[in-house]
Amino acid sequence: MPKAANKIHLQIVGEVNQSVTIRSELASLPRVELVSDFHCVTTWSHKSLRWGGYRFRDFYNTIVVPQAGPSADATILLLKGQDGARTTLLLKDALHENVLLADRLNGAPLSVEHGGPLRFVAPSHYGYKSMKYLCKIECCSDYSRFRPAGFGFMDHPRARVELEERGKGLPGWVFRFLYRPLVRPTIKLFEKATNERSEAAGRG
Ligand SMILES: Nc1nc2c(c(=O)[nH]1)N[C@H]1C(S)=C(S)[C@@H](COP(=O)(O)O)O[C@H]1N2
Ligand SMILES: [Mo]
């Protein structure tokens, strides 16, 4: 677990007129709460998580477009986390109304373990698109420029849960079997993070 900076520091870069750094500007957007299920690609899910924060759509239209001026060709977003994790999402998927920049989970401030201070949450897509400790968004026109952190086949450009787009090049059910050995360790990690969070809440 990285020691994530606890202040929001989000850079908007890439094919833009001007790179910008977002710190406190999010506070000008309407706050929303949204309940959604969370699906890790390895096949575990969490039901009814109550995320609090800002709609990505509001952020993009009200802050990114006027301040950074992304190119009309930049139809892909590269998302980066403070731990070096990276993934992509199509801009049109990110603009769906259920996509959030979250800073709260289940009524409490978002813990570092779950991606605080600011996390991208795209519940219609597999968990690896929901970038924790989001620190950089690169506006991009060319998916082939993206270098996945792990094996390329593990990162599907869209990863829609509904269509079981778990990975690239193989049907979803094949990944279900491939990922089976990873289910237990990743559930353990999630539970550990949740317990630490409730202990911290109990103390505070
Ligand atoms: N920065 C960052 N974000 C990340 C990951 C990561 O390793 N680093 N893992 C992804 C994966 S695969 C999943 S399933 C979820 C897990 O979220 P959780 O740690 O809140 O349970 O975060 C996603 N976002
Ligand atoms: Mo995952």
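**Figure 1. The whole fold, helices and strands.** Helices of at least four residues and strands of at least two are DSSP runs, numbered from the N terminus. In this predicted model, the protein has 4 helices and 10 strands. Read from the N terminus, the elements run β-β-β-β-α-β-β-α-β-β-β-β-α-α. The C-alpha atoms fill a box of roughly 45 × 45 × 30 Å along the principal axes. The radius of gyration is 16 Å, which agrees with the value near 17 Å for a compact globule of 204 residues.

**Figure 2. Inside and outside of the protein.** Of the 204 residues, 45% are buried. Buried here means under 20% relative accessible area. The protein exposes about 10,500 Å². Carbon and sulfur atoms supply 53% of that area. Now take the contacts with a separation of 6 or more: residues 24 or more positions apart account for 65% of them. Charges come next. There are 29 positive and 20 negative charges, and their mean positions are 4 Å apart.

**Figure 3. Helix 1, from Phe56 to Gly69.** Helix 1 covers residues 56-68, which is 13 residues. Its end C-alpha atoms are only 15 Å apart. A straight helix would reach 18 Å at 1.5 Å a residue, so helix 1 falls short of the expected span. Which residues of helix 1 are buried? They are Phe56, Phe59, Tyr60, Ile63, Val64 and Ala68. Just after the helix comes Gly69, with a positive phi near 60°.

**Figure 4. Phe59 and its contacts.** Phe59 lies in helix 1. Is Phe59 buried or exposed? Its relative accessibility is 0%, so Phe59 counts as buried. Leave out residues up to four places away in sequence, and Phe59 touches Leu10, Ile12, Ile22, Leu26, Leu29, Val64, Leu101 and Ile137. Ala108 gives a sense of scale. Phe59 and Ala108 are 49 residues apart in sequence, and their C-alpha atoms are 22 Å apart in space.

**Figure 5. Leu170, a loop residue.** Leu170 sits in the loop between strand 10 (134-140) and helix 3 (172-179). Its relative accessibility is 39%, so Leu170 counts as partly exposed. Which residues does Leu170 contact, leaving aside neighbours within four places in sequence? They are Phe175 and Leu178. Thr21 is 149 residues from Leu170 in sequence. From C-alpha to C-alpha, Leu170 and Thr21 are 38 Å apart.

**Figure 6. Backbone angles at Thr43 and Glu164.** Most residues other than glycine have a negative phi. Thr43 has a positive phi of about 105°, although it is not a glycine. Where is Thr43 found? Thr43 is in the loop between strand 3 (32-39) and strand 4 (45-55). With a relative accessible area of 35%, Thr43 is partly exposed. Glu164 is not a glycine, and its phi is positive too, about 50°. Glu164 lies in the loop between strand 10 and helix 3. Its relative accessible area is 21%, so Glu164 is partly exposed.

**Figure 7. The peptide bond between Gly116 and Pro117.** Most peptide bonds are trans. What kind of peptide bond joins Gly116 and Pro117? The bond is cis, with omega about 10°. Pro117 lies in the loop between strand 8 (108-109) and strand 9 (119-121).

Technical notes: Residues numbered from 1 in each chain as written. Chains lettered and ligands numbered in written order. Predicted model: local features only at pLDDT ≥ 70, side-chain atom pairs only at ≥ 80, totals over all residues. Heavy atoms only, no water. Rg over C-alpha atoms; globule rule 2.2 N^0.38 Å. Buried < 20%, exposed > 50% of the residue type's maximum accessible area, 1.4 Å probe, protein only. Contact = heavy atoms within 4.5 Å. Areas by Shrake-Rupley, 256 points an atom, 1.4 Å probe, with all protein chains shown as cover. Lys, Arg positive; Asp, Glu negative; His and termini not counted. Charge placed at Lys NZ, Arg CZ, Asp CG, Glu CD.
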